[in-house]
Amino acid sequence: MYRSLYDIIHPLNQARVTGRLTIYHGVDALAKIHLNDGKIGNLTMEKAEGPVAAKSLAKWVCVAHQFEPGQLKPDLPNHTIDTNHLLQHLKKIKGMLPTFRSVLGGNSAIFKFIAIGEGEIAFTPVELKTSFLMDGQNTIQTVIDKSGLAELDVLLTICRFHKKGLAKKIKAHQTLPSEERQVLIGFLRETLADITGPVARELISDALVQMSNPQELLSKDEILLLLRMVTANLNDSERAHFLARFQGDAPR
């Protein structure tokens, strides 16, 4: 589901909270934002920090988040990030989401690039790479993964193509069929109940809330993010047991 980072960060800024906000994206990417009295003092990713990390973060659209209140470690480096400037930028991106939802629907949708007219079309490198992967079989998520491009750049490019008549929707974004969703949620509840006891249902509900996604709207491309959020709510021992059960390496 397309989400606004502005709607995640802005309320914490207005409440002048102190603590750590973790933004989850895709299979393994995450950003850690340390807030001090509502201001961003420290922002890190695996290979970036500070303004560079903020620039990459702004191009994430399908995300989940967790916030842990509490005093920050005194030895955390302080990055030069203008919180208000970042929020203004994220607010502009928020304005794009209605178009993404109406034109694209979600990242499980499939589009095909269609060259029309005569003569050459001048493409940017991002447009060229995206067009090659829009073969009528790759989902939007697959285009993002295979291209290595930022999610926001791919979504904007497909929307531009669609507006110009250069992209045709082959398959609409689809949520998981009811039976498949029930099997998945049932498996998670059964597995978690063996590990955590009666709080299993609450853990799944919390994970969906952190994704801002009712289970009825869960799509296939969001399953891995759901699993990430479930494990993020477990302690180290519970997480190891859960992953072993999920991979079939542990006895019941």
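What volume does the largest pocket have? About 860 Å³, and the first close-up below goes there. A quick word on the model: it is predicted, with local features needing pLDDT of at least 70, side-chain atom pairs counting only at pLDDT 80 or more, and totals for chains, interfaces and linings using all residues. Residues are numbered from 1 along each chain as its sequence is written, and side-chain values use heavy atoms, with hydrogens and water left out.

**View 1. The largest pocket and its lining.** Here a pocket is an open set of points on a 1 Å grid over the protein atoms alone, with protein on both sides within 12 Å along at least five of seven lines, and lining residues have an atom within 4 Å of a point. Grid points are joined across faces, edges and corners, and the volume is the space filled by probe spheres set on them. The lining runs to 32 residues, and the closest to the pocket centre are His25, Gly26, Val27, Asp28 and Ala29. E2, helix H2 (50-57), helix H6 (140-147) and H10 each chip in at least two lining residues. Those labels are DSSP runs numbered from the N terminus: helices are H or I with at least four residues, strands are E with at least two.

**View 2. The four-stranded sheet.** Follow the open sheet across and you get the order E3-E2-E1-E4, with antiparallel pairing. Strands E3 (39-44) and E4 (63-69) are the edges, each pairing on one side only. From one strand to the next the twist averages 20°. Strands count as paired if DSSP finds at least two bridges between them; E1 (residues 19-25) and E2 (residues 29-36) have seven, in the antiparallel sense. One of the partners is Leu35 in E2, bridged to Gly19. Helix H10 (residues 223-232) lies across E1, E2 and E4, at about 15° to E4. For such angles, axes are lines fitted to C-alpha atoms (for helices, over the stretch in contact), and values run from 0 to 180 degrees between N-to-C directions.

**View 3. Leu43 on an edge strand.** Leu43 sits in strand E3. Is Leu43 buried or exposed? Its relative accessibility is 0%, so Leu43 counts as buried (buried is under 20% relative accessible area, exposed over 50%, partly exposed in between, with a 1.4 Å probe and protein chains only). Leaving out residues up to four places away in sequence, Leu43 touches Lys32, Ile33, Glu49, Gly50, Ala53, Ala54, Leu57, His79 and Ile81; a contact means heavy atoms within 4.5 Å. His89 is 46 residues from Leu43 in sequence and 16 Å away, C-alpha to C-alpha.

**View 4. A phenylalanine cluster with a serine beside it.** Rings of Phe, Tyr and Trp (its six-membered ring) pair if their centres lie within 6.5 Å; planes under 30 degrees apart are stacked, over 60 edge-to-face, and the rest tilted. That rule gives four aromatic pairs. In one of them, the ring centres of Phe123 and Phe161 are 5.5 Å apart with planes at 50°, so the pair is tilted. Phe123 is in the loop between strand E5 (110-113) and helix H5 (125-133) and Phe161 in helix H7 (residues 151-163), so the pair ties together parts 38 residues apart in sequence. Phe123 is partly exposed at 26% relative accessibility, whereas Phe161 is buried at 2%. Ring pairs link Phe113, Phe123 and Phe161 into a cluster. Ser131, in helix H5, touches Phe113, Phe123 and Phe161, not counting residues up to four places away in sequence. With a relative accessible area of 7%, Ser131 is buried.

**View 5. Strand E5 and its two partners.** E5 runs antiparallel to strand E6 (residues 135-139), joined by two bridges, with Ile110 partnered by Thr139 in E6. E5 is also antiparallel to strand E7 (residues 167-171), here over four bridges. Lys112 stands opposite Lys168 in E7.

**View 6. The enclosed cavity.** A cavity is a set of grid points where a 1.4 Å probe fits but cannot get out. The count is one cavity of 30 Å³ or more, and the largest has a volume of about 60 Å³. Its lining is Arg3, Ser4, Leu5, Ala58, Trp60, Leu90, Ile93, Lys94 and Leu97. Helix H3 (residues 83-94) gives the largest share of that lining, three residues.
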